[in-house]
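Trainee: I have a model open and do not know how its labels were earned. Can we go through them one at a time?
Mentor: Yes, go ahead.

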Amino acid sequence: MQGQHHQANGVKKTGVRVYKIVILGDGGVGKSALTMQFVCHTFQDYHDPTIEDAYEKQAVIDGDVAKLDILDTAGQPEFTAMREQYMRQGEGFLICYSITDRRSFDVAMEYKKLIDRVRKRDDIPIILVGNKYDLEKQRKVTTEEGKSLARQFSCPFFETSAAHRHFVDDSFHTLIRVIRQKENLTSDEMLKNNTKKQSSKIHTFINKVFKPRS
Ligand SMILES: Nc1nc2c(ncn2[C@@H]2O[C@H](COP(=O)(O)OP(=O)(O)OP(=O)(O)O)[C@@H](O)[C@H]2O)c(=O)[nH]1
Ligand SMILES: [Mg+2]
């Protein structure tokens, strides 16, 4: 089992940071196709509904090695029983819809709500992905609508094509960047808080030692 090799902070014993990524979205939007393109550079042109598949991929992103633990989830409602469990475990989420399927766009909103509810916060790293960009003639969701939903989610947005390998790496890499940014912010805040605590301790000490006795 992969998880047994992880240390608590997601750093493997080898020193490579492991990122737990979850791919979400309605059935047939291309979650598996995007994952396969990212991991294996191949495109499967038939729909084989996923129950749950896990992949590992190592990539150098902005000069730092990252190991991506990718969970390709089920979009078909009959297979979504594990949803809340992987929502608790994921560090970052790729929420996908198809630009040819308006219903999948509405479902993307539901996924974001569910993540916020399960995690009890609204700042979990996500990327919004409108897939099947190559099927322009069948487009049902405009680029502007996608951008506007991403603004609502405060997250980056890409229109991708798993078929043409269009913006596939960018979507995954950007998700890692968002996770890293959030981590840096958190450690900056911790540093600030520690510095505040330290300086208040020093202040108390100075007051005690140097306060003129009356
Ligand atoms: N033209 C085109 N077809 C795509 C693209 N991405 C996926 N498809 C096709 O859409 C169908 C569904 O793709 P999957 O990747 O299996 O969809 P999924 O989201 O994993 O579906 P579930 O596992 O059932 O949730 C397949 O026939 C794919 O070949 C794309 O970017 N362009
Ligand atoms: Mg699938």
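Trainee: Across which strands does helix 4 lie, and at what angle does helix 4 run to strand 5?
Mentor: This is a predicted model. Helix 4, residues 143-153, lies across strand 5 and strand 6. The angle to strand 5 is about 170 degrees. Angles run from 0 to 180 degrees between N-to-C directions.

Trainee: Across which strands does helix 3 lie?
Mentor: Helix 3, residues 102-119, lies across strand 1 (17-25), strand 4 (92-98) and strand 5. Its angle to strand 4 is about 160 degrees.

Trainee: How many helices and strands does the protein chain have, and in what order do they come?
Mentor: There are five helices and six strands. Starting at the N terminus, the order is β-α-β-β-α-β-α-β-α-β-α.

Trainee: What makes the sheet an open one with edges, and which strands stand there?
Mentor: The six strands are arranged as 2-3-1-4-5-6, in an open sheet with mixed pairing. Strand 2 (52-61) and strand 6 (157-159) each have a single partner strand, so one side of each lacks a neighbour in the sheet. On average, neighbouring strands are turned by 25 degrees against each other, direction ignored.

Trainee: Why is the pairing of the sheet called mixed?
Mentor: Strands of a sheet can pair either parallel or antiparallel, through backbone hydrogen bonds. Here strand 2 and strand 3 (residues 64-73) run antiparallel, while strand 5 (residues 126-131) and strand 6 pair in the parallel sense.

Trainee: How do you know that strand 5 and strand 6 pair, and how many bridges do they have?
Mentor: Pairing requires at least two bridges, and these strands have three. One example is Gly-130, whose bridge partner in strand 6 is Glu-159.

Trainee: How many bridges join strand 2 to strand 3, and what lies between these strands?
Mentor: Ten bridges join them. Among the partners, Glu-52 is matched with Thr-73 in strand 3. The two strands form a hairpin with two residues between them. Asp-62, in the turn, has a positive phi of about 55 degrees.

Trainee: Why is helix 1 called largely enclosed?
Mentor: The helix has ten residues and seven of them are buried, so the rest of the structure largely encloses it. The buried ones are Lys-31, Ser-32, Ala-33, Leu-34, Thr-35, Gln-37 and Phe-38. After helix 1 comes His-41, with a positive phi near 55 degrees.

Trainee: Which part of the chain gives the largest share of the shell around ligand 1?
Mentor: That is helix 1 (residues 31-40), with three residues. The residues around ligand 1 number 25, and Gly-30, Ser-32, Ala-33, Thr-50 and Gly-75 come nearest. By class, eight are nonpolar, twelve polar and five charged.

Trainee: Is Thr-174 buried or exposed, and how do you know?
Mentor: A residue counts as buried if 20 or more other C-beta atoms lie within 10 Å of its own. Thr-174 has 21 within that distance, so it is buried. This residue belongs to helix 5 (residues 168-210).

Trainee: Which residues does Thr-174 touch, leaving out those up to four places away in sequence?
Mentor: Thr-174 touches Ile-127 and Pro-156. Ile-127 is 47 residues from Thr-174 in sequence, yet 7.7 Å away in space, C-alpha to C-alpha.

Trainee: What share of the 214 residues of the protein chain count as buried?
Mentor: The share is 33%.

Technical notes: Residues are numbered from 1 along each chain as its sequence is written. Chains are lettered from A and ligands numbered from 1 in the order in which they are written. This is a predicted model: local features need pLDDT of at least 70, side-chain atom pairs count only at pLDDT 80 or more; totals for chains, interfaces and linings use all residues. A residue is near a molecule or strand if its C-beta atom, placed from the backbone, lies within 6 Å of it. Helices (H or I, at least four residues) and strands (E, at least two) are DSSP runs, numbered from the N terminus. Ala, Val, Leu, Ile, Met, Phe, Trp, Tyr, Cys and Pro count as nonpolar, Asp, Glu, Lys and Arg as charged, and the others, Gly among them, as polar. A residue is buried if 20 or more other C-beta atoms lie within 10 Å of its own, exposed if 12 or fewer, and partly exposed in between; C-beta atoms are placed from the backbone. Two residues are in contact if their C-beta atoms, placed from the backbone, lie within 7 Å.
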